[in-house]
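Biologist: Please take one part of this model and go through it closely, the sheet together with whatever packs or pairs around it. I would like one connected account rather than a list.

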Amino acid sequence: MLAVISLIVMLNVGAGLGELLPLIENVVCPADSANVSACIIEAVETIKEPLITGDYGDGVKGIVLDPYVINKLEVNRGPSFKASLKNVLITGVRNFQIEKLRTDLRKKKFSVAVTFPDLVVRGQYKLEMNLVLLKLTGNGPFNLTDDPLLKVNLEFYTDKKNVVFTRPVHVDIEFAHPQLYLGNLFNGDPKLEAIGNQAINDNPNILLNELKPELERHFEGSFYQIASTITKGATADELFPGY
């Protein structure tokens with residue numbers, strides 16, 4: 001997530017300010033660099049802390065990334081699956097690792113794959129779900145640990161004045177080794193709660209794949225919100241000198 005936001009910021013953070021913000025004024029990557037992707041990866045480490053805190057400098061604030069907050073998320077697939085999450089906190093974002101970054105400035109495209117080795121997600125849930133022969137119901141706290149892979153595609157375009165605009169962002173989440181715990185399953189009956197959690201963790205992707213599209217849409221919205229907030233008129237030459 002943090003690496004993804006880094007790319008968005010590097011694309012847009014100079015917008016309409018007359019000069020680049022302190023966040024990236026010393027980490028702009030020349031378009032004719034021998035390896036633009038390597039330059040961006042190095043820049044991400046340089047600006048990690050202000051990105052995490054959402055303080056881009058010169059009074060410009062962004063979304064805080066660790067903890068990352070999701071106020072509410074709802075999924076309704078009918079009688080077989082209904083779920084809502086609220087007051088969700090995602091921690092461990094700062095420990096991201098960039099697995100792959102592909103940069104094509106000619107086509108104005110970036111593709112990045114990022115893993116999060118120590119991601120922890122906590123919050124409140126409400127669930128009604130058919131799982132094999134079980135009808136799972138619960139309302140209480142939940143905990144998820146995983147080391148997921150986040151794949152993100154970013155594209156931008158320029159107008160006649162070479163001003164940069166970001167297109168909608170595409171996000172794909174791949175859960176790796178998820179472990180879930182849902183508190184207060186079956187009204188807190190200890191035996192049924194243990195059985196329910198065991199059934200969920202025997203194949204956690206059954207539950208997570210139901211939530212996945214809404215999670216992806218949430219991240220896409222957040223990334224695009226950051227880009228839209230910051231983009232006010234930066235040119236490609238400002239962001240990638242020599243473009």
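Modeller: A residue is called buried here when its relative accessible area is under 20%. By that cut-off, both Y68 and F219 are buried, and with the reminder that this is a predicted model, these two residues can serve as a way into the sheet. Y68 belongs to strand 3, whereas F219 lies in helix 5 (residues 205-230), so that the pair they form links distant parts of the chain, 151 residues apart. A search of the whole structure finds 1 aromatic pair, and in this pair of Y68 and F219 the ring centres are 5.5 Å apart with 50 degrees between the planes, an arrangement classed as tilted; because the class of stacked is kept for planes under 30 degrees apart and that of edge-to-face for those over 60, the pair falls into the remaining class.

Strand 3 itself is part of an open sheet of 5 strands, paired antiparallel in the order 3-4-7-8-12. Strand 3 (68-76) and strand 12 (179-182) are the edges of this sheet, and because each has a single partner strand, one side of each is left without a neighbour in the sheet. From one strand to the next, the twist averages 20 degrees. The partner of strand 3 is strand 4 (residues 81-91), which runs antiparallel to it and is joined to it by 8 bridges; within this pairing, K72 stands opposite K86 of strand 4. Helix 4 (residues 190-202) packs on the sheet, where it touches strand 7 (119-131), strand 8 (134-146) and strand 12, and the direction of helix 4 makes about 155 degrees with that of strand 12.

How values were computed:
Residues are numbered from 1 along each chain as its sequence is written. This is a predicted model: local features need pLDDT of at least 70, side-chain atom pairs count only at pLDDT 80 or more; totals for chains, interfaces and linings use all residues. Side-chain values use heavy atoms; hydrogens and water are left out. Two strands pair if DSSP finds at least two bridges between them. Helices (H or I, at least four residues) and strands (E, at least two) are DSSP runs, numbered from the N terminus. Axes are lines fitted to C-alpha atoms, for helices over the stretch in contact, and angles run from 0 to 180 degrees between N-to-C directions. Contact means heavy atoms within 4.5 Å. Rings of Phe, Tyr and Trp (its six-membered ring) pair if their centres lie within 6.5 Å; planes under 30 degrees apart count as stacked, over 60 as edge-to-face and the rest as tilted. Buried means under 20% relative accessible area, exposed over 50%, partly exposed in between (1.4 Å probe, protein chains only).
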